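Colleague: I should like to learn how to read a model of this kind feature by feature. Could we begin with the general idea in each case and then turn to the example at hand?

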Amino acid sequence: LRWRDLVVGIRTAQKCVGGCPLGSLAADLSETDPLARAQLARWFAEWERILRDGLASMADAGQFVAGTDTDRLALALLAATQGGLLLSQVSRDTGALTAAMDTVITQIGAHLTERIGEAVRRP
């Protein structure tokens, strides 16, 4: 949740001006520069790997119910964040960003073991 708050806080401080640097580069270069597209794909894959590794560590520690697809959850979180960043740039409001991220975070929370989920939900 701290990462989510950090991303939203940065967007708020920027008054939602500008987009994600990776997303902006992807929009500008991915159709015209195959080398740039390949590099951007690697950067997005690295971002996804970081999220995936964090979720996999939680799974290894028994924090998720058996069978949780942490790879898919990491991809969904990355996609929600990217889409939310783009929409916040267009609307100059973080509403879409928070809605997208919170929805995926809630989905991730639904896969937590009962013991961990109770601790997370406690005020």
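Modeller: Let us begin with contacts: two residues are in contact when heavy atoms lie within 4.5 Å. In this predicted model, residues 24 or more positions apart account for 65% of the contacts with a separation of 6 or more.

Colleague: What pattern does the protein follow along the sequence, and how many helices and strands are there?

Modeller: The pattern is α-α-α-α-α-α, with 6 helices and 0 strands. Along the principal axes, the C-alpha atoms fill a box of roughly 50 × 30 × 15 Å.

Colleague: Which helix has the lowest mean pLDDT, and which the highest?

Modeller: pLDDT expresses the predictor's confidence in each residue, from 0 to 100. Among the elements, helix H6 (residues 114-121) has the lowest mean, 59, and helix H5 (residues 95-110) the highest, 96. The protein as a whole averages 89, and 93% of its residues score at least 70.

Colleague: Let us turn to the interior. What share of the residues is buried, and which residues have the most contacts inside the largest nonpolar core?

Modeller: In soluble globular proteins, nonpolar side chains tend to be buried together. Here, buried residues make up 33% of the 123 residues. The largest nonpolar core has 22 residues, and those with the most contacts inside it are Leu 22, Phe 44, Trp 47, Leu 51, Leu 55, Leu 97 and Ile 108. At least two residues of this core come from each of H1, helix H2 (21-29), helix H3 (34-60), helix H4 (70-91) and H5. The greatest contribution is that of H4, with 6 residues.

Colleague: With which residues is Ile 108 in contact, leaving aside its neighbours within four places in sequence?

Modeller: Ile 108 is in contact with Leu 55, Phe 64, Leu 73 and Leu 77. One may set Val 104 beside it, a residue of helix H5. Leaving out residues up to four places away in sequence, Val 104 touches Leu 73, Ala 76, Leu 77 and Ala 80.

Colleague: Why does Val 104 count as buried?

Modeller: Val 104 counts as buried because its relative accessibility is 12%, and the term applies under 20%. As for distances, Val 104 and Arg 52 are 52 residues apart in sequence, and their C-alpha atoms are 14 Å apart in space.

Colleague: Let us move to the surface. Which residues make the nonpolar surface patch of about 270 Å²?

Modeller: The patch is made by Trp 3, Leu 6 and Ile 10. Trp 3 lies in helix H1 (residues 2-13) and, at 31% relative accessibility, counts as partly exposed. Over the entire protein, about 7,700 Å² is exposed, of which carbon and sulfur atoms supply 60%.

Colleague: How should charged pairs be read, and how many salt bridges does a search of the whole structure find?

Modeller: Side chains of opposite charge can pair when their charged atoms come close. The search finds 6 salt bridges. One of them joins Arg 49 and Asp 53, whose closest N and O atoms are 2.3 Å apart. Both residues lie in helix H3, 4 residues apart, which is about one turn of the helix. Arg 49 is partly exposed at 31% relative accessible area, and Asp 53 is partly exposed at 34%. Elsewhere, salt bridges that share partners join Arg 4, Asp 5 and Asp 102 into one network.

Colleague: What are the N to O distances in that network, from Arg 4 to Asp 5 and from Arg 4 to Asp 102?

Modeller: The closest N and O atoms of Asp 5 and Arg 4 are 2.9 Å apart, while the salt bridge between Asp 102 and Arg 4 has an N to O distance of 2.7 Å. Asp 102 lies in helix H5 and Arg 4 in helix H1, so this pair ties together parts that are 98 residues apart in sequence. Arg 4 is buried, at 16% relative accessible area, whereas Asp 5 is partly exposed at 44% and Asp 102 is partly exposed at 30%.

Colleague: Finally, let us consider the backbone. Where is Cys 16 placed, and what is its phi?

Modeller: Cys 16 is in the loop between H1 and H2; its phi is positive, about 60°, although it is not a glycine. Arg 92, in the loop between H4 and H5, has a positive phi near 55° and is likewise a residue other than glycine. Cys 16 is buried, with a relative accessible area of 3%, whereas Arg 92 is partly exposed, with 46%.

Definitions and conventions:
Residues numbered from 1 in each chain as written. Predicted model: local features only at pLDDT ≥ 70, side-chain atom pairs only at ≥ 80, totals over all residues. Heavy atoms only, no water. Patch = residues over 30% accessible without salt bridge, like charges linked within 9 Å, V, L, I, M, F, W, Y side chains within 5 Å. Areas by Shrake-Rupley, 256 points an atom, 1.4 Å probe, with all protein chains shown as cover. Salt bridge = Lys/Arg side-chain N within 4 Å of Asp/Glu carboxyl O. Buried < 20%, exposed > 50% of the residue type's maximum accessible area, 1.4 Å probe, protein only. Core = buried A, V, L, I, M, F, W, Y, C linked by side-chain atoms within 4.5 Å.
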